[in-house]
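Visitor: Hi, could you walk me through this protein in plain words?

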Amino acid sequence: HSATAFEDFESPPGVNKLDLQLFPLWHLPLKLAAMFSTMFFLYTFLRDVIHPFVSQSKNEFYKIPILVMNKVLPGVAITLLALVYLPGFLTVVFQLHRGTKYSPFPSWLAIWLKMRKQLGLLCCFCAVLHAVYSLCYSMRQSYRYKLLNWAYQQVKQNKEDAWIEDDVWRMEIYLFLGILSLGILAMLALASIPSVSETLNWREFRCVQRNLGCCALLLCTAHALVYGWRKWAEVKHFVWYTPPSFILVVLLPLGVLLCRAVLLLPCLDRRLHAIQRGWEKKSSEATKEV
């Protein structure tokens, strides 16, 4: 009798198991995050671990848990953030081409639009992990050994001051942009919580998600570019003819930002506002385009 009761509790009668799927809206976003994580991990592992081992016989596998992962996480975060705002540009392209906002979008774009919230939350999660990993840098024993080696080399070279103005400014700006980016991403994540979003009207919610989101994407891209600084022009950073990872991760965000900037052109902006207010092309023109 107890076994029957337990089974009834696990599978209540009249409830279809297909209606009780586990996080159905998260399946595709999680797969995308896992795919990008694997790609960035293999790329960074090849450059930072395998290359020194093959070319110089250096055993640097200790970098995998912290250093390698801390290059993977920001790459995944900024890529997911770019994927959040890329479909918005595509919807505008469809509206401008069709001359109406009432025409349905393709099924693949509709699915993409529906999972933007999940992509944004995964982006914020990766960004928070990136910040925590960065704070743990000085706790690593390998960092302490390197710090002692740097101090010994400075004494050996009879240097009283190791101050490098260029590196100081680079790190200050890099941290400044990173802190701002993380703060804005946290605000976007909080605004997506139902209990918070329900207190905002449509215009307020759109302002937060659109304007702050683009600002976060811009700051994250600048954060990555400042991290690279002059590395993109130094040949020694192109290991096995492969570019540094920061060059790859900023390509998609820069493309999205460029597309958003194009939409600010007066000729496109005026027509887009007219379409969003309900203006449509003449039926004859729409028929010709179809």
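Guide: We can go through the cysteines, a pocket, a buried side chain and some backbone angles.

Guide: This is a predicted model, in which local features need pLDDT of at least 70, side-chain atom pairs count only at pLDDT 80 or more, and totals for chains, interfaces and linings use all residues. Residues are numbered from 1 along each chain as its sequence is written, and side-chain values use heavy atoms, with hydrogens and water left out.

Visitor: Okay, how many disulfides are there?

Guide: The count is zero, where a disulfide is a pair of cysteine sulfur atoms within 2.5 Å.

Visitor: Why is there no bond from Cys-207?

Guide: Because the closest cysteine sulfur, in Cys-214, is 11 Å from the sulfur of Cys-207, which is too far for a bond. Cys-259 is in a like position, since the closest cysteine sulfur to its own is also in Cys-214, at 11 Å, too far for a bond.

Visitor: New topic: what is the volume of the second largest pocket?

Guide: It is about 1000 Å³, a volume being the space filled by probe spheres set on grid points that are joined across faces, edges and corners. On a 1 Å grid over the protein atoms alone, a pocket is an open set of points where a 1.4 Å probe fits, with protein on both sides within 12 Å along at least five of seven lines, and lining residues have an atom within 4 Å of a point.

Visitor: Which helix gives the largest share of that lining?

Guide: That is α3, with seven residues, out of a lining of 28 residues. Helices here are DSSP runs (H or I, at least four residues), numbered from the N terminus.

Visitor: And is Asn-70 buried or exposed?

Guide: Asn-70, which lies in helix α3, is buried, with a relative accessible area of 5%; buried means under 20%, exposed over 50%, and partly exposed in between, with a 1.4 Å probe and protein chains only.

Visitor: What does its side chain make a polar contact with?

Guide: The side chain of Asn-70 pairs with that of Ser-134 at 3.2 Å. A polar contact is a pair of N or O atoms within 3.5 Å, and within protein one must be able to donate a hydrogen and the other to accept it, while residues adjacent in sequence count only if both atoms are side-chain atoms.

Visitor: Last one: what is the phi of Phe-23?

Guide: Phe-23 has a positive phi of about 50° although it is not a glycine, and Phe-23 sits in the loop between α1 and α2.

Notes
Helix = DSSP H or I, 4+ residues; strand = E, 2+ residues; numbered from the N terminus.
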